[in-house]
Amino acid sequence: MPNKRYNLKRDKRYLELLSLSFPTVAAASTEIINLQAILNLPKGTEHFLADIHGEHQAFLHVLKNASGNIKRKVNELFGSQMTLAEKRDFCSLIYYPEEKLVLIKERDEDLNTWYYNTINMLVTLCREVASKYTRSKVRKALPEDFSYIIQELLNENTGFHNKKAYVKVIIETIISTGRADDFIITISNVIQRLIIDELHILGDIYDRGPGAHIILDTLRHYHSWDIQWGNHDVLWMGACAGNDACICNVIRLSLRYSNLTTLEDGYGINMMPLAAFAMETYKDDPCEEFIPKTIGKDSETEKMTRLTAQMHKAISVLQFKAEAEIIKRHPNWKMADRCLLDSIDYERGTITIDGKEYPLKSNLFPTIDPANPSLMNDEEKELMHRLRHSFMVSEKLGKHIRAILRHGSMYSVCNGNLLYHAAIPLNDDGSMRSVEIGEGHFYDGMELLDAIDLTIRLAFQADADPDDKSFARDYFLYLWCGPESPLFNKSKMATFERYFIDAPETHHEEKGNYFKLRDSEEEAERILNEFHVEGKNRHIINGHVPVHAAEGENPIKAGGKLMVIDGGFSQPYHKTTGIAGYTLVYHSRGFQLVQHEPFTSTAEAIQKGTDIKSTTQIVEMSSHRMLVADTDRGKELKQQIIDLKELLYAYRHGWVKEIE
């Protein structure tokens with residue numbers, strides 16, 4: 001007892017603050033009962049995605065179908081009551097209710113019967129997916145218009161005769177008052193909302209695909225999500241912060257894949273100054289090396305292809321100059337060998353790399369002064385100024401980057417899982433590699449990722465020291481392509497070599513030790529220990545490097561301790577990987593890895609009821625159904641219960657007064 005009294009004296013101020021939320025014995029007791037009950041609910045479903053790369057249609061569909069979880073629930077509940085075609089139509093209705101209703105109303109003659117049966121099934125399904133949550137949490141997820149009605153339908157037991165009639169009248173009245181469409185749309189969205197409790201994005205929302213801005217618009221309004229930043233995300237963050245090299249890389253990648261949708265339509269970045277500069281500067285250059293990898297249907301004309309190639313070359317040369325300027329400001333990065341414009345013999349059209357001379361595929365560089373190759377000319381400086389201004393004043397880009405900062409980090413530890421995008425820098429023996437940030441400041445392992453996280457945020461702090469902020473802005477380039485960057489972890493990014501040199505050996509990017517050692521269970525355990533990940537069944541989950549499933553590569557590595565879930569969402573990767581991405585589902589019974597085939601289109605999913613064909617692999621099943629008590633949230637709730645019991649003791653012994 002004396003120790004208890006001593007603790008109460010020490011913590012009296014905290015307990016007095018807690019009493020403002022729970023002012024009486026009754027209020028504190030009620031909350032303890034509520035929290036104890038929550039601890040015994042099933043664990044919510046976590047959904048992991050990586051390397052989306054702007055493929056918004058596939059992303060949105062996977063989000064709507066919860067990696068096949070909705071289809072699985074429909075089969076469990078209605079497997080014997082519905083034909084395969086009916087189940088396909090029903091699932092499609094849940095995914096795209098507004099669009100599907102238009103088609104159904106054109107097709108079905110007895111619409112009232114269809115409404116009645118469909119609403120009944122939707123309520124049954126919604127009741128099932130809501131069963132693992134408290135009524136309070138479900139109520140908060142409901143839109144105002146139908147909140148009361150949905151609560152009544154979900155919580156009434158239709159096994160009783162009177163209640164069955166009550167529910168029947170509610171549904172019939174929804175139909176007779178002309179509110180059936182609105183109700184179906186609302187409850188379908190509620191099902192989508194409740195089927196996933198937490199969404200984890202393991203980096204790389206941006207580049208290649210046309211809809212990164214659409215993905216981020218969706219995420220900004222999503223109920224619970226986080227992101228572990230990827231190299232393509234920090235590239236766009238650097239561009240938003242005003243890093244010239246990042247801006248050029250972002251534009252170059254967009255042109256390489258003939259996709260300016262996110263830049264122009266999404267963020268209002270004006271490409272006209274670059275187009276005008278490229279047409280004039282490279283009017284006599286065929287720019288064959290810069291013809292984009294993919295040409296969209298709206299840009300298949302020869303004229304448009306040529307303009308895209310000219311812009312592609314113009315921004316690439318500008319990128320090499322901007323990168324050299326930043327690299328030379330930071331000699332401790334040891335990246336001077338990447339200033340390749342300085343290694344060209346412009347008279348002979350050759351370049352020397354690692355002591356060996358190679359011929360260039362093209363030697364047309366009208367903006368380069370051989371005496372100072374990395375210096376931008378006046379026109380390039382003006383162009384760079386205009387592009388930088390366009391990125392930094394884009395209101396929508398700013399909103400999206402702020403959302404990524406607010407919901408993101410370099411890594412996260414969640415429910416026994418360590419999440420990060422790419423790699424942890426390692427020495428040859430597997431120990432944590434020490435990496436310099438700034439001059440003379442070395443970090444490794446978890447401290448390295450923490451230091452990088454702080455540096456990234458520094459670039460966006462209005463009151464930061466100007467020199468510190470300038471370094472932070474420059475550092476985005478190192479994160480993008482620095483050899484010891486945990487978001488890259490390769491010897492070099494061979495962009496110049498792939499454009500200008502035929503020799504394949506110059507294109508090779510040697511992977512860091514992490515990728516050489518990641519199959520080792522011992523190494524996975526070492527990394528998990530470094531990040532203080534607890535639990536018997538702990539894992540590393542990341543993406544970044546596509547898994548070549550077509551060649552038999554297994555995404556489950558290190559004896560099940562490491563899961564790589566980049567299976568190639570991006571269309572250009574489909575031929576290489578043989579699939580169209582992985583998603584990972586962690587529900588109350590364990591882990592399921594879902595392998596997806598390419599998504600056709602949203603239009604086909606609506607009209608024909610087609611879904612992404614997915615194969616589910618059980619990775620690890622729990623011996624018991626996991627409860628909220630088994631999660632990180634459970635630990636927090638248990639601590640809250642301890643605090644509330646302290647408050648009860650304080651109330652009952654007069655240390656803290658109840659508030660009338």
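Three exercises with worked solutions follow, all on a predicted model.

**Exercise 1. The second largest pocket**

Describe the lining of the second largest pocket by position, element and residue class.

Solution.
1. The pocket's volume is about 710 Å³.
2. It is lined by 28 residues, and those closest to its centre are Ile 38, Lys 137, Asp 197, Val 628 and Arg 633.
3. Two or more lining residues come from each of helix H3 (25-39), helix H9 (135-141) and helix H28 (632-652).
4. H28 supplies the largest share, 5 residues.
5. Sorted by class, the lining holds 11 charged, 9 polar and 8 nonpolar residues.

**Exercise 2. The two sides of helix H7**

Work out how the buried residues of helix H7 (residues 97-107) are placed around its axis.

Solution.
1. List the buried residues of H7: Pro 97, Lys 100, Leu 101 and Ile 104.
2. These residues lie on the same side of H7 because they cover an arc of only 105° around the axis.
3. A general rule helps here: an α-helix has 3.6 residues a turn, so residues three or four places apart point the same way.
4. Then look at the other side of H7, where Glu 98 and Glu 106 are exposed.

**Exercise 3. Ser 80**

Locate Ser 80 and decide whether Ser 80 counts as buried or exposed.

Solution.
1. The loop that joins helix H5 (69-78) and helix H6 (84-95) contains Ser 80.
2. The cut-off for exposed is over 50% relative accessible area.
3. Ser 80 has 77% relative accessibility and therefore counts as exposed.
4. For a distance, take Ile 149: Ser 80 and Ile 149 are 69 residues apart in sequence, and their C-alpha atoms are 28 Å apart in space.

How values were computed. Residues numbered from 1 in each chain as written. Predicted model: local features only at pLDDT ≥ 70, side-chain atom pairs only at ≥ 80, totals over all residues. Heavy atoms only, no water. 1 Å grid on protein atoms, 1.4 Å probe; cavity = no way out; pocket = protein on both sides within 12 Å on 5 of 7 lines; lining within 4 Å. Points joined across faces, edges and corners; volume = space filled by probe spheres on them. Helix = DSSP H or I, 4+ residues; strand = E, 2+ residues; numbered from the N terminus. Nonpolar A, V, L, I, M, F, W, Y, C, P; charged D, E, K, R; others polar. Buried < 20%, exposed > 50% of the residue type's maximum accessible area, 1.4 Å probe, protein only. Arc of directions from axis to C-beta.
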